Amino acid sequence: MPVVPLTTAALRAAINQLPRFPLGHYPTPLEHLPRFSQAVGGPEIYIKRDDCTGLAIGGNKTRHNEFLIADALRQGADIIVWGAGVQSNNCRQTAAACAKAGLDIHLVLGRGRPANGPDVVQGNLLLDHIVGAHVDIVEAKIGAELDECIAQVAARHTANGRRVYAWDRHKVKPLAAVSYALCVTEIVEQSSAAGWAPTALYVSSAGSTGAGVVVGQRALGLSCPVRSIAPIKWDWDTQADMAQIADDAARLIGLDLGIRRDDVDVSFDSIGPGYGHLSDDGCAALALLARTEGILLDPSYTGKAMAGLISDVCNGRLKSGDRVVFIHTGGTPALFAYHAGLVEKIPARRLV
Ligand SMILES: Cc1ncc(COP(=O)(O)O)c(C=O)c1O
């Protein structure tokens, strides 16, 4: 078993042992945000542009799917049965990945009760349609209830003789997380080539993505903290769950990192009125980044995560002298589904 800390090359080599189906554009850019940093007032803020991973408008699931699609193909699957919320970025990117890999995809999307009714065929749902996913919208809550619907659809396809790669959290989450250890290798190499090192990493996550960043941090022996800003409060102990995902992901690449609950830092303070519902702080953060740097966040994940980062500047957790990397996990198509609420919450600029 390799001894940690690893070099970035050694971590990449360990990850490269796993089957991989190439989907994305890497490394994604790491950009300084000078006008945004000045407006927030405190640390220097950088952004890792994983909204630019490619594959039907980009996002974190491009990285995840390189490993998941490879696993599905290795198992001889001919269809993926997947599901989440109706404006799921995950499902949109998985559907696009299936199109590229020549797999069928059946999406089971939970309507939920979002404030602005984003189940109009817009945003991610429109893209699901265009890339050729079979979409069913069901009245199920995301979590165990929706997982049950997905399992039923998967069983039906199996009974019809299809070879199904079905969503199973114990299997897919650690495999997806591995991909975010790779993202950390990019951040370390890019910042070090520019002559600096991050003092904190921020990411929107309550699952695989944040867990994978922790794997990268631990495997490379980084001293900077990883802070996940949760978009959702699951019914389970999220910190313990993410620690388990991270530890399982590490084992998949031959590392015993002994990651425990306390090694995972998750904030639930930026969820606002609920998962998929616009928050005032999230919309303000989204507008500030757009209006200082011309970079678009999304309303459900990255806008809220950026609000969490800004709140940590206000409460003194992040200070001037810090160099913070915010990982932009994508989600921008959802902007178009939430247009009514965004127009309401983001004041128009009027020039005299
Ligand atoms: C844009 C965006 N950011 C972050 C996340 C969180 O990812 P994870 O579930 O891996 O924590 C998601 C999940 O769908 C997402 O769509």
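**View 1. I45 and its partner across the strands.** In this predicted model, I45 has V324 of strand 10 as its bridge partner. Step back a little and the setting appears: strand 2, residues 44-48, is joined to strand 10, residues 323-327, by five bridges. These two strands run parallel.

**View 2. The whole sheet around that pair.** Here the picture widens to an open sheet of six strands, ordered 1-2-10-7-8-9, with mixed pairing. Strand 1 (30-32) and strand 9 (265-267) are the edge strands, each pairing on one side only. From one strand to the next, the twist averages 25 degrees.

**View 3. Helix 7 on the sheet.** Which strands does helix 7 touch as it packs on the sheet? Look for residues 169-193: this helix touches strand 1, strand 2 and strand 10. The direction of helix 7 makes about 50 degrees with that of strand 1.

**View 4. Helix 9 from end to end.** Helix 9 covers residues 238-252, 15 residues in total. From its first C-alpha to its last, helix 9 reaches 21 Å, close to the 21 Å expected at 1.5 Å a residue. Follow the chain just past helix 9 and you meet G254, which takes a positive phi of about 80 degrees.

**View 5. The buried residues of helix 9.** Nine names are worth finding here: T238, Q239, M242, A243, I245, A246, D247, A249 and A250 are the buried residues of helix 9. An α-helix has 3.6 residues a turn, so residues three or four places apart point the same way. And what do the buried residues of helix 9 pack against? Their neighbours are helix 7, helix 8 (208-219) and strand 9.

Definitions and conventions:
Residues numbered from 1 in each chain as written. Predicted model: local features only at pLDDT ≥ 70, side-chain atom pairs only at ≥ 80, totals over all residues. Pairing = 2+ DSSP bridges. Helix = DSSP H or I, 4+ residues; strand = E, 2+ residues; numbered from the N terminus. Axes fitted to C-alpha atoms, helices over the stretch in contact; angles between N-to-C directions. Contact = placed C-beta atoms within 7 Å. Expected span 1.5 Å × (residues − 1). Buried ≥ 20, exposed ≤ 12 C-beta atoms within 10 Å, placed from the backbone.
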